[in-house]
Number of protein chains: 2
Amino acid sequence: MEGISNEACSLAGHWGLGKLIAFYDDNHISIDGDTEIAFTENVDTRFEALGWHVIWVKNGNTGYDEIRDAIKEAKAVKDKPTLIKVTTTIGFGSPNKANSYSVHGSALGAKEVEATRQNLGWPYEPFHVPEDVKSHWSRHVAEGAAFEAEWNAKFAEYENKYPEDTAELKFIITGELPAGWEKALPKSLSAKSQCSGNCPPGLLGGSADITSSNMTLLKMFGDFQKNTPRERNVRFGAREHGMAAICNGIALHSPGLIPYCATFLVFTDYMRAAMRLSALSEAGVIYVMTHDSIGVGGNGPTHQPIEHLASFRAMPNILTIRPADGNETAGAYKMAVINRKRPSVIALSKQKLPQLPGTSIEGVEKGGYIEITIPVPDVILIGTGSELEIAAKAGDELIKEGKAVRVVSFVCWEVFDEQCDEYKESVLPAAVTARVSIEAGSTFGWEKIVGDKGIAIGIHQFGASAPAQKLYMEFGITIEAVVAAAKELYMLSF
Amino acid sequence: MEGISNEACSLAGHWGLGKLIAFYDDNHISIDGDTEIAFTENVDTRFEALGWHVIWVKNGNTGYDEIRDAIKEAKAVKDKPTLIKVTTTIGFGSPNKANSYSVHGSALGAKEVEATRQNLGWPYEPFHVPEDVKSHWSRHVAEGAAFEAEWNAKFAEYENKYPEDTAELKFIITGELPAGWEKALPKSLSAKSQCSGNCPPGLLGGSADITSSNMTLLKMFGDFQKNTPRERNVRFGAREHGMAAICNGIALHSPGLIPYCATFLVFTDYMRAAMRLSALSEAGVIYVMTHDSIGVGGNGPTHQPIEHLASFRAMPNILTIRPADGNETAGAYKMAVINRKRPSVIALSKQKLPQLPGTSIEGVEKGGYIEITIPVPDVILIGTGSELEIAAKAGDELIKEGKAVRVVSFVCWEVFDEQCDEYKESVLPAAVTARVSIEAGSTFGWEKIVGDKGIAIGIHQFGASAPAQKLYMEFGITIEAVVAAAKELYMLSF
């Protein structure tokens, strides 16, 4: 029923994933009752329409041979995924709420366990493995060792013949990165497009139908399609949820596969469930999320994220990285690639941004760092992404007026939090309570950084459709606003 | 391609929505190129499988008569929705990225506008309506007035015959609520099930296949199905995204329709895009989100929300209400029903909760209020939902030890923010900086409430699978933790 299954199965059909066999237990049970109350579509026909081979096993309860035959048939179909629909009845008579719930929600009770033991003739204690069972299974130990030896010999032969390909394969199997891979880091917002030969061999991915807006094409590769499985640009179509879930699968398949996927930041709402699974399953997917603020302009509030940065900063085990220029973008990709057990959201602007003087990859690796400083500052200005430039310009203005100002890039909260107390104090000294933050999004959560006496500049309503510059003026995300806030605090503290 | 369309269309087929006619412009264009790169399924067959009537217009560019015939045929099919698939070519030759993008993303340029004017023989200034066009259209004014008079007469006749039904219909059309509707507010967490005859006549909705867990059945009504369209319990199946989108449609259809939908709070991740549209479109959908913390127990972290409350508090124009007991649940429903231009997330626990002494509907309407107080408190304890009880018990303990304590229920941040400064100061006096908050979720954002000197107790990692009580102990969401934090602050401030 879930939409994501149609997205994923449509792609499986499109790609002709002949090795994929899915079992559909058509037991007519849902938690609320017989599936007839909400689900009367023809599943067989739908899957055929999606390009699948469909087999129907009518007697799933006892038709073991039919199931075996179905698997055999499915394996023989090499150019399509197969759905084996198995009709089963759960033996309670016609399904009703109580029964269906017990199947879905509850473990067997003591009574049912006892009856099952009786029925199977199983007299042993829980967790006891009888000797004959153990010896029967132990034959796999020798068998497995033989398989492994055979594989190792084959692999050695392969390595001998194709040393370069083998090196690449090893990177993918082990997750080790080739020497010098950092040199291939993109230096501009047109990101991956610059990724050259040194880039991680397991890097692959794509966009949900906005490749050119996201600028995520790997230019030296072609499209991953049915007949070109070696290529690395995946065309997900407008299927964000399926895209993120597929990337989870790729990431968890092998430590050296580094999947990335891309769309507009606001559309993370379509795939948030899969992104949370990345975080929960420690799948280091790289989410390249462009158009990260009202700066998208004309497309209006449906395309303008407001609460999204806050919503990911609140999520456990995911990095929210919002680089301000080319240096920081390179740093963001470096962090994202290195973090194989933690997904990253790299939030990038639509607007072209200038290279700022004080930014660095090393700074990004600390999460937050000083971009401009006058020793012993009276006021700290804090920005992220496209607003770091605004903070820096406000800083310049205040410095010209003789104020002692520090500008801090706060590119990744999670990583800054992990730094030692000394470092954190060196960037944000507790004594300096006059702090102004600026970010074109909800200020929810910024109180932690600016403190009781600070001022967080942001947006607390949905955006609007207008040119980016006009919107920034209208919503008060401006140099003037930062200067005014800083002066207000500055006056208070003297 | 989007999964939500399959969810919605599957339900449209299930319900046999014969009045629904959808046009599918099969122009083979996607932003990234010809749809063939990601979308090769058979759409006709898929929609037939979903229970739709499908008509294919092969020449959509010039086949006006075929399109008219298709609409006629679609209107004649009363028991199924119809998909009219229209094959079109956009006249650029074979689609490529540049062309498709111009169709999707850009307005016509000055040159194309000029060519179109020439082609249509349209010499007028922009926004000029020529006299003959105006008079041609003006005939609709009289026509419309006649239709309206006819309708009014018919309605008066109907009202005369069926005064009660008409009263109900008027409530739905106008959005006015029947006198005394508040008396029907549910007083326990088994919520709507108690809603009696006085409840708003436009209230309808359901759950995404966990009705009994959400306790959202309207007991005096049956299931809304193809042959029982008068009933009000909607069986959405496991289709959260479609469910929320359908509720948006219901809410926007008529001011008096009050749709609610339900699932576990963590599964809002599946429907967040539609929830954001509720907020953006001012659609007062009521989201009944149960199982709102690690308190769900055994189902583990996939079912345990952590960051969700924060993520909705950061979203504009949506109320996040987390009631602590029956009184507050009644208050939450009252606020949700009254707010027709603002959706509500009502976060409810799985755990049974006791009725607390100081709670009230009026309190909920202020967003935050004093539950227990000793005049001139030294410490303020702040809780929401299931943790208000913990805060209250910690308060009792501290009061027994002679401490001057206040316990505050912080049930809805957004509404508290809207109160006047005097009220806010009366609940959270600026002078009392010793504040402890407790909520079984991310503390992200709580710095705003507890301030620089306060302590926010919460969870910063994913949950685990164990009985609720054990998890609360393990993650430190306890009376002892609140008491210890309060004492730490208490000592500091003396």
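These notebook entries record what I looked up in a predicted model with chains A and B.

**Entry 1. The interface**

I began with the contact between the two chains. Chain A brings 71 residues to the contact, and chain B brings 71 residues as well. I then looked up the area buried between chain B and chain A, which is about 6,100 Å². Carbon and sulfur atoms give 58% of that area. On the side of chain B, I noted Arg276(B), Phe444(B) and Phe462(B), which supply 13% of the area that chain B buries against chain A. No other three residues of chain B supply more.

**Entry 2. Polar and charged pairs across the interface**

I next asked how many salt bridges lie between chain B and chain A. The count is six. One pair that I looked up is Arg272(A) with Asp269(B), which form a salt bridge. Their closest N and O atoms are 3.4 Å apart. For polar contacts across the interface, I recorded 33 residue pairs, with both residues at pLDDT 80 or more. I also listed helices of chain B that each supply at least two residues to the side touching chain A; among them are α1 (3–15), α9 (240–253), α10 (272–280) and α17 (447–450).

**Entry 3. A nonpolar patch on chain A**

I turned to the surface of chain A. Tyr158(A), Tyr162(A), Leu169(A) and Ile173(A) make a nonpolar surface patch of about 340 Å². Of these residues I followed Tyr162(A), which is placed in the loop between α6 (131–161) and α7 (163–174) of chain A. Is Tyr162(A) buried or partly exposed? Tyr162(A) counts as partly exposed because its relative accessibility is 41%, and the range for that class runs from 20% to 50%.

**Entry 4. Residues with positive phi**

I then looked up backbone angles, keeping in mind that most residues other than glycine have a negative phi. Asn317(A) has a positive phi, near 55 degrees. I located Asn317(A) in the loop between α11 (308–313) and β11 (319–321) of chain A. With a relative accessibility of 28%, Asn317(A) counts as partly exposed.

In chain B, I noted Phe127(B), whose phi is also positive, near 70 degrees. Where does Phe127(B) lie? I found Phe127(B) in the loop between α5 (110–120) and α6 (131–161) of chain B. The relative accessible area of Phe127(B) is 87%, so I entered this residue as exposed, the cut-off for that class being over 50%.

How values were computed: Residues are numbered from 1 along each chain as its sequence is written. Chains are lettered from A and ligands numbered from 1 in the order in which they are written. This is a predicted model: local features need pLDDT of at least 70, side-chain atom pairs count only at pLDDT 80 or more; totals for chains, interfaces and linings use all residues. Side-chain values use heavy atoms; hydrogens and water are left out. Patches are made of residues with over 30% relative accessible area and no salt bridge: like charges are joined within 9 Å, nonpolar side chains (Val, Leu, Ile, Met, Phe, Trp, Tyr) within 5 Å. Accessible areas come from the Shrake-Rupley method with a 1.4 Å probe; for residues, only the protein chains shown count as cover. A salt bridge is a side-chain nitrogen of Lys or Arg within 4 Å of a carboxyl oxygen of Asp or Glu. Helices (H or I, at least four residues) and strands (E, at least two) are DSSP runs, numbered from the N terminus. Buried means under 20% relative accessible area, exposed over 50%, partly exposed in between (1.4 Å probe, protein chains only). Contact means heavy atoms within 4.5 Å. Buried area is the accessible area (1.4 Å probe) that two parts lose on being put together, summed over both. A polar contact is a pair of N or O atoms within 3.5 Å; within protein, one must be able to donate a hydrogen and the other to accept it, and residues adjacent in sequence count only if both atoms are side-chain atoms.
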